[in-house]
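Here is a short briefing to read with the structure open beside you. Please take a moment to look the fold over before going through the points.

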Amino acid sequence: MELKGIVTTGLGKAAFFLNQDFYKTQFTDKLGFTPFPGTLNLIIDESKLDDIKLMKNSCKNTIKPDEGFGGVKYINATLEKEIVGAIVFPDKTTHTENYLEFIAEDKLRDKCGFKDGDELTIEIEI
């Protein structure tokens with residue numbers, strides 16, 4: 001599935017969670033890279049909400065929580081046809097359904113110069 005999204009600033013909470021050893025270890029084992037402690041946040045057009053819900057609900061890839069934390073579903077994805085990463089769906093989130101969080105090995109705002117308002121294409125492995 002291919003989606004277009006607009007880069008937006010997140011809430012800044014992902015860094016805390018992605019720095020937790022049990023999350024880092026599982027993501028590294030399952031994705032083959034240690035994610036940068038933060039996400040690139042994309043707002044997807046609301047006309048794609050049904051696709052996003054279906055993708056999230058059918059996702060079988062999970063990161064198991066530690067005590068006091070929530071689990072995370074993830075789907076392998078590629079940003080701009082070359083940046084390997086994953087979309088994450090934390091069990092505990094305050095984001096709306098059309099808000100996707102992309103993790104990758106690097107801080108993409110710095111490495112690629114992405115900024116708020118940029119339109120990016122994401123390919124998601126279903």
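The notes below go through strand pairing, salt bridges and aromatic pairs.

Please keep in mind that this is a predicted model. Strand 4 is a good place to start, with strand 3, strand 5 and strand 7 as its pairing partners. From there, the briefing moves to the seven salt bridges and the four aromatic pairs.

**Strand 4 and its partners**

- Strand 4 covers residues 72-79, and six of its eight residues are buried, so the strand is mostly covered.
- Strand 3, made of residues 62-63, pairs with strand 4 in the antiparallel sense over two bridges. In this pairing, Ile63 stands opposite Val72 of strand 4.
- Strand 5 (residues 83-90) is also antiparallel to strand 4, and eight bridges connect the two. Here Thr78 faces Val84 of strand 5 as its opposite residue.
- Strand 4 and strand 5 form a hairpin with three residues between the strands, and Glu80 takes a positive phi near 55° there.
- Strand 7 (residues 119-124) runs antiparallel to strand 4, joined to it by three bridges. Thr78 turns up again in this pairing, with Glu123 as its bridge partner in strand 7.

**Salt bridges**

- As a reminder, side chains of opposite charge can pair when their charged atoms come close.
- The count for this model comes to seven salt bridges. One of them joins Lys81 and Glu123, whose closest N and O atoms are 3.1 Å apart.
- Lys81 sits in the loop between strand 4 and strand 5 while Glu123 belongs to strand 7, so this contact ties together parts that are 42 residues apart in sequence.
- The two ends of that contact have these accessibilities: Lys81 is exposed at 62% relative accessibility, and Glu123 is partly exposed at 30%.
- Glu2 joins in as well, since Glu2, Lys81 and Glu123 are linked in a network of salt bridges.
- Arg109 and Asp116 form another salt bridge, with 2.5 Å between the closest N and O atoms. Both residues are partly exposed: Asp116 has a relative accessible area of 42%, and Arg109 has 27%.
- Lys115 pairs with Asp118 in a salt bridge where the closest N and O atoms are 3.3 Å apart. Asp118 has a relative accessible area of 18%, so it counts as buried, the limit being under 20%.

**Aromatic pairs**

- A search of the whole structure gives four aromatic pairs. Among them is the edge-to-face pair of Phe22 and Phe69, at 5.1 Å centre to centre and with 65° between the planes.
- This pair links distant parts of the chain, as Phe22 is in helix 2 (residues 21-31) and Phe69 is in the loop between strand 3 and strand 4, 47 residues apart.
- Phe22 is buried, at 15% relative accessibility, whereas Phe69 is partly exposed, at 22%.
- Tyr23 and Phe69 form an aromatic pair too, again edge-to-face, with 6.0 Å centre to centre and 90° between the planes.
- Because Tyr23 lies in helix 2 and Phe69 in the loop between strand 3 and strand 4, the pair ties together parts that are 46 residues apart in sequence.
- Tyr23 is buried, with a relative accessible area of 4%.
- Put together, Phe22, Tyr23 and Phe69 make up one aromatic cluster.

Key: Residues are numbered from 1 along each chain as its sequence is written. This is a predicted model: local features need pLDDT of at least 70, side-chain atom pairs count only at pLDDT 80 or more; totals for chains, interfaces and linings use all residues. Side-chain values use heavy atoms; hydrogens and water are left out. Buried means under 20% relative accessible area, exposed over 50%, partly exposed in between (1.4 Å probe, protein chains only). Helices (H or I, at least four residues) and strands (E, at least two) are DSSP runs, numbered from the N terminus. Two strands pair if DSSP finds at least two bridges between them. A salt bridge is a side-chain nitrogen of Lys or Arg within 4 Å of a carboxyl oxygen of Asp or Glu. Rings of Phe, Tyr and Trp (its six-membered ring) pair if their centres lie within 6.5 Å; planes under 30 degrees apart count as stacked, over 60 as edge-to-face and the rest as tilted.
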